[in-house]
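Please open the structure in your viewer and keep the selection tool at hand. The tour goes from whole chains down to single residues.

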Number of protein chains: 4
Amino acid sequence: MYSQRYNLTIRDINYANHMDHLALLNYLHETRVRFLRSLGYSELDVDGNDSGLVVADLQCSYRKECFYGEEIVVLLQLELKSPTRLVFNYTISKNDDVVVANAIIKVAFISKERKIIAVPEYLQKLAKSINL
Amino acid sequence: MYSQRYNLTIRDINYANHMDHLALLNYLHETRVRFLRSLGYSELDVDGNDSGLVVADLQCSYRKECFYGEEIVVLLQLELKSPTRLVFNYTISKNDDVVVANAIIKVAFISKERKIIAVPEYLQKLAKSINL
Amino acid sequence: MYSQRYNLTIRDINYANHMDHLALLNYLHETRVRFLRSLGYSELDVDGNDSGLVVADLQCSYRKECFYGEEIVVLLQLELKSPTRLVFNYTISKNDDVVVANAIIKVAFISKERKIIAVPEYLQKLAKSINL
Amino acid sequence: MYSQRYNLTIRDINYANHMDHLALLNYLHETRVRFLRSLGYSELDVDGNDSGLVVADLQCSYRKECFYGEEIVVLLQLELKSPTRLVFNYTISKNDDVVVANAIIKVAFISKERKIIAVPEYLQKLAKSINL
């Protein structure tokens, strides 16, 4: 279980005066990038061999509006769907209220020759241990 | 069937040198806003009574990368799921190749007193005629 | 002297792999918004009478690139140019190196009837005491 | 004289319901990128030798608000300040009214070894002929 906290900034607020969906998506991506960095990797080099990560599917359900200055918590868990398909499951909350539920991003991995490769081993292991 | 064309700009391109998901989501929203405007309404006044539109669920599947300067076409179709739930189904393509498939945004409508209301009649009719 | 710290996120990085100018501008604006909020006001209600703040001029000089994950510090000082014109002077640094110098945003104030009004007194006072 | 037209989209509109400064800056950059592309180059390869363009100074004065759906015209002219310093002068208008005046972006050029180099000759020539 990996989590990050963010304070909503003015850039996150749209003409309807609440958090924009683009801002939300940004925080999902940012959390994934920080998670990979915390393990010594990045989205452009996910395994030390210049392999990359590509997003295949995205899904989320909005439960509550968020406003300027509020703090949100993004929680991240991994799930292994197949040897080549990893799922990032997110929950976003504020003050322990769920703001976004069922946020699911399915990713694949490609070698620098741009062929689909297996989910890197360290991520497979994290997915398994997380699912215990 | 409603469609809009967009040329990808430098703001749409991320550090991996392809179209960002935030940019993609932006074009889905922009197309919905233009569609409502073409009918004389907006997201902040969807029926002439200051009722609003709120996004409940979002889902999409990426098929292909897009790059700076490319033209994408966003196609929009309506589907009525229930008297209070409308679905915007999108397809995004470039040069007749599908770039994003199954892009689905489910929306609800709220009165200015912030109560859930029925899908406005003109949208119900458009959804039905589109489904013929 | 008012200051805020920010960690650069993936949204701040452009296709050239360094901080985008839009991101920089965002942090200047965000710092101004936080400053006004810290005093109990906002850009849409700068004096308790629904008066607003409008940016008239913007200027800045870039000295150094910034990269993903770096922390920047935005320093803000006020300068009163005339009874109706206030200047926000910013310096942006990372690890005590100046990243952006001479960042200057000149603002005016408008009543809710959209007429130019004097700089609110509490901001005039802060500008004076800061200039000592 | 080079010009481009843009329709303001929902992403360009901020919580105050007018065009954001970030959006404005985006259109200045996008116009410069299109201009270089129209000549067969890009910001990451400005001369066919992988030399890059870096923004050194930015300045602009706002004259008028812009709103969703409006069309703006960005006009671009070049001015050579020194053998190593080029200035992009912009004017932004809508319906022949000036929206942004004195928009000035000073740029320098760097070789792939990241040393300052002379302004590429084709840009020097365009700057001179424009100044006639």
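The stops below cover two chain pairs and then one pair of helices. This is a predicted model in which local features need pLDDT of at least 70 and side-chain atom pairs count only at pLDDT 80 or more, while totals for chains, interfaces and linings use all residues. Residues are numbered from 1 along each chain as its sequence is written, chains are lettered from A and ligands numbered from 1 in the order written, and side-chain values use heavy atoms, without hydrogens and water.

Select chains A and B. Chain A is superposed on chain B by a rotation of 180 degrees with 0.0 Å of shift along the axis, at an RMSD of 0.0 Å (least squares on C-alpha atoms of residues with pLDDT of at least 70 in both copies). The two copies are therefore related as by a two-fold rotation axis. Now pick A:Q59: of the residues of chain A, its C-alpha comes closest to that axis, at 2.1 Å.

Move to chains C and D. A turn of 180 degrees and a shift of 0.0 Å along the axis lay chain D on chain C, with an RMSD of 0.0 Å. Of the residues of chain D, D:Q59 comes closest to the rotation axis, at 2.1 Å (C-alpha).

Return to chains A and B and select residues 21-38, helix α1, in each (a helix is a DSSP run of H or I, at least four residues, numbered from the N terminus). Which residues of α1(A) meet α1(B)? They are A:H21, A:L22, A:L25, A:N26 and A:H29, with contact meaning heavy atoms within 4.5 Å.

Conventions
Axes are lines fitted to C-alpha atoms, for helices over the stretch in contact, and angles run from 0 to 180 degrees between N-to-C directions. Helices (H or I, at least four residues) and strands (E, at least two) are DSSP runs, numbered from the N terminus.
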